[in-house]
Amino acid sequence: MSNRFLLFFLLFAFSAQSMAKETIHWIHSEHQPPAYYAKGERKGSGFGDVALQFFIKNMPEYNHVHEPVPMNRSYASFEANQNISVVPMICIPASMAEAHKIKLSEKAQVYMPPMGLVIRKSDVAKFNEGKKLALTALLQDSSLRGMMRWEVLPAELSPFLNETRHVQIQNASPNVQLEMLLSNRFDYLVNWPIVAKAGAVDLGVEEKILTIPLIEITKPTECRFGYSLKTPPKVVDALKRIAATAEFQAAVMKSYVDKLPDVYKEEYGRIRK
């Protein structure tokens with residue numbers, strides 16, 4: 001009887017302790033190479049996955065709920081602002097984060113090379129033989145169909161996009177975009193070289209695509225952790241403290257560098273102070 005009572009007491013105590021802890025909801029796109037891999041032999045190996053694992057391991061004082069969601073639903077939890085929601089790694093401009101009620105960390109954890117033009121390698125003759133191109137000229141060429149994400153392009157290109165009907169603005173996942181490119185639904189994509197490479201490797205089509213630099217897009221994209229407006233300062237402070245450690249930075253960077261195209265490894269494959 002005493003043993004049963006002891007077991008009941010321990011279970012009750014554990015349950016009470018768990019209920020007393022605050023809960024962090026970890027939100028991110030469910031399968032978005034190279035940041036997040038939800039399936040396949042690379043599952044859990046993205047640089048966002050590594051950041052997530054590191055945060056959870058070093059925050060035992062909280063309950064953790066892992067909530068990978070489809071890409072187009074990943075912002076809803078932050079907009080609702082009902083929970084302590086954290087995205088372990090996200091690569092969007094501050095203006096877009098603000099629009100979705102996401103606060104970004106002050107310091108970037110990773111810098112991605114500038115976005116470029118992604119094409120079918122067999123079409124290289126149509127695109128200046130793979131040499132640097134002007135996106136503004138492409139946007140005015142109605143014989144070519146393109147796809148891109150509006151929010152990550154320089155503001156000065158907006159007037160060209162507003163007048164363009166042969167370019168679609170979509171938030172489809174990078175892998176879906178590549179599949180549409182290779183099925184000839186589009187002639188080009190505008191995306192990050194590392195995302196294009198990771199998606200192509202994931203789909204087994206790396207030899208079929210080519211990324212070309214764009215004249216107008218020269219700035220790297222910063223990747224940071226982000227959190228909901230409801231997140232208390234003590235949680236934010238803990239996230240900052242962990243992200244500042246050499247162990248965290250080295251683990252995230254190792255995963256990131258593994259997926260960088262070789263041409264960018266020297267410049268972007270290091271921790272920036």
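# Exercises on cavities, a sheet and a helix

In this predicted model, the second largest cavity is lined by Gln 32, Met 71, Arg 149, Ala 172, Pro 174, Gln 177, Asn 191, Trp 192 and Val 195.

**Exercise 1.** Determine how the lining of the second largest cavity divides by class, and state the volume of this cavity.

*Solution.* Begin with the nonpolar residues of the lining, which are Met 71, Ala 172, Pro 174, Trp 192 and Val 195. Gln 32, Gln 177 and Asn 191 are polar, and Arg 149 is charged. The division is therefore five nonpolar, three polar and one charged. The cavity has a volume of about 50 Å³.

**Exercise 2.** Describe the largest cavity by its volume, its lining and the classes of its lining residues.

*Solution.* A search of the whole structure yields three cavities of 30 Å³ or more. The largest has a volume of about 280 Å³. Its lining comprises 24 residues, and Ser 29, Gln 32, Met 89, Ile 90 and Cys 91 lie nearest the centre. Strand 1 (23–29) and strand 3 (84–90) each contribute at least two residues to this lining. By class, 19 of the lining residues are nonpolar, four are polar and one is charged. Gln 32 also belongs to the lining of the second largest cavity.

**Exercise 3.** Establish the strand order of the five-stranded open sheet, and explain why one side of strand 8 and of strand 10 is left without a neighbour in the sheet.

*Solution.* The order is 8-7-9-6-10, with mixed pairing. Strand 8 (167–169) and strand 10 (209–213) stand at the edges and have a single partner strand each, so one side of each lacks a neighbour in the sheet. From one strand to the next, the twist averages 25°. Strand 6 (residues 116–120) and strand 10 run antiparallel and are joined by five bridges. Within this pair, Val 118 stands opposite Thr 211.

**Exercise 4.** Locate helix 7 and helix 8 relative to the strands, and decide whether helix 8 is mostly covered or uncovered.

*Solution.* Helix 7 (residues 174–182) lies across strands 6, 7, 9 and 10, at about 160° to strand 9. Helix 8 (residues 193–203) lies across strands 6, 9 and 10, running at about 180° to strand 10. Eight of the 11 residues of helix 8 are buried, and the helix is thus mostly covered. The buried residues include Pro 193, Val 195 and Lys 197. Among the elements that cover them are strand 5 (110–112), helix 7 and helix 10 (246–259). Just after helix 8, Gly 204 adopts a positive phi of about 75°.

Terms used
Residues are numbered from 1 along each chain as its sequence is written. This is a predicted model: local features need pLDDT of at least 70, side-chain atom pairs count only at pLDDT 80 or more; totals for chains, interfaces and linings use all residues. Side-chain values use heavy atoms; hydrogens and water are left out. Two strands pair if DSSP finds at least two bridges between them. Helices (H or I, at least four residues) and strands (E, at least two) are DSSP runs, numbered from the N terminus. Axes are lines fitted to C-alpha atoms, for helices over the stretch in contact, and angles run from 0 to 180 degrees between N-to-C directions. Contact means heavy atoms within 4.5 Å. On a 1 Å grid over the protein atoms alone, a cavity is a set of points where a 1.4 Å probe fits but cannot get out, and a pocket is an open set with protein on both sides within 12 Å along at least five of seven lines; lining residues have an atom within 4 Å of a point. Grid points are joined across faces, edges and corners, and a volume is the space filled by probe spheres set on the points. Buried means under 20% relative accessible area, exposed over 50%, partly exposed in between (1.4 Å probe, protein chains only).
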